[in-house]
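Subject: Structure for you to look over

Dear colleague,

Here is the structure I said I would pass on. Please open it alongside this message.

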Amino acid sequence: MSVRKRRFVKTLVASAALALVVGGCGDSSDTKKRDASAQSDVSSVTQSQFDSVETGDAREDVEDELGKPDFVNDSDVTIAGENKKMSCLTYRRSSQGSAFQFCFVDGELSSKKAY
């Protein structure tokens, strides 16, 4: 992937992350909010688990390792003229009142952030 494409993806992911953290998930049909208090199967993630996930990992593998996220934000994006599926998973941190977010483009981890 070219530097320009990577920069665009990073900007796109950062914008999506900011919208998710600041504005919440909203009520769009593509966004699912899971209430951790209502669903005991939602996972919290440790720093060690966050560190073990690497760019390029498959979404399915990450979810298998970390469990169900608190929030899922799915969207269609266009990157360098190509239509892609972007999905960001947000998990509670187990030790703090903050979160970890993992964003995937076409099922492959493109970025991860700690908030």
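Below is what was found in it, taken by topic.

The model is a predicted one, and the values below should be read as computed from it.

**Strand pairing around β4**

Strand β4 covers residues 82-93, and several of the findings involve it. It pairs with strand β3 (residues 71-79) in the antiparallel sense, over nine bridges. Within that pairing, N73 has C88 of β4 as its bridge partner. The hairpin of β3 and β4 has two residues between the strands, and A80 there takes a positive phi near 50°.

The pairing of β4 with β5 is also antiparallel and runs over seven bridges. Here the hairpin connection consists of five residues. In this pairing S87 stands opposite F104 of β5.

Strand β2 (residues 44-45) pairs with β4 too, but in the parallel sense and over two bridges. V45 has R93 in β4 as its bridge partner.

**The disulfide**

The count of disulfides comes to one. C88 and C103 form it, with their sulfur atoms 2.1 Å apart. A disulfide is a pair of cysteine sulfur atoms within 2.5 Å, so this pair qualifies. The link of C88 and C103 is right-handed, with 115° about the S-S bond. The two cysteines come from distant parts of the chain: C88 is in β4 and C103 is in strand β5 (residues 99-105), 15 residues apart. Both C88 and C103 are buried.

**Surroundings of S87**

S87 lies in strand β4. Its relative accessibility is 6%, so it counts as buried. Beyond its neighbours within four places in sequence, S87 is in contact with R59, V72, N73, D74, F102, C103 and F104. Two of these are polar partners through their side chains. The side chain of S87 makes a polar contact of 2.6 Å with that of R59, and another of 2.5 Å with that of D74. S87 and F102 are 15 residues apart along the chain, and their C-alpha atoms are separated by 8.3 Å.

**Nonpolar cores**

The largest nonpolar core has twelve residues: V45, F50, V53, V62, L66, V72, L89, Y91, F100, F102, F104 and L109. The elements that give two or more residues to this core are α3 (59-66), β4 and β5. Of these, β5 gives the most, with three residues.

F104 belongs to this core. Leaving aside its neighbours within four places in sequence, F104 is in contact with D57, A58, R59, V62, K85, M86, S87, L89, L109 and S110. Apart from the largest core lies another, of six residues, including I79, M86, C88 and C103. The two cysteines of the disulfide are thus among the residues of this other core.

**Aromatic pairs**

How many aromatic pairs does a search of the whole structure find? It finds three, and two of them are described here.

In the pair of F50 and F100, the ring centres are 4.3 Å apart and the planes are at 15°, so the pair is stacked. This pair links distant parts of the chain, as F50 is in helix α2 (residues 47-52) and F100 is in strand β5, 50 residues apart. F50 is buried, with a relative accessible area of 8%. F100 has 0% relative accessibility, so it counts as buried.

The pair of Y91 and F102 is edge-to-face, at 5.9 Å centre to centre and with 80° between the planes. It too links distant parts of the chain: Y91 is in strand β4 and F102 is in strand β5, eleven residues apart. Y91 counts as buried because its relative accessibility is 0%. F102 is also buried, at 0% relative accessibility.

F50, Y91, F100 and F102 form one aromatic cluster. These four residues are listed in the largest nonpolar core as well.

**Where to begin**

For a first look, C88 is a convenient place to start. C88 is the bridge partner of N73, forms the disulfide with C103, and is among the residues of the six-residue core. From there, S87 leads to its side-chain contacts with R59 and D74, and F102 leads to the aromatic cluster.

Regards

Methods: Residues numbered from 1 in each chain as written. Predicted model: local features only at pLDDT ≥ 70, side-chain atom pairs only at ≥ 80, totals over all residues. Heavy atoms only, no water. Helix = DSSP H or I, 4+ residues; strand = E, 2+ residues; numbered from the N terminus. Buried < 20%, exposed > 50% of the residue type's maximum accessible area, 1.4 Å probe, protein only. Pairing = 2+ DSSP bridges. Contact = heavy atoms within 4.5 Å. Polar contact = N/O pair within 3.5 Å; in protein donor to acceptor, adjacent residues only side chain to side chain. Core = buried A, V, L, I, M, F, W, Y, C linked by side-chain atoms within 4.5 Å. Phe/Tyr/Trp six-rings, centres within 6.5 Å; stacked < 30°, edge-to-face > 60°.
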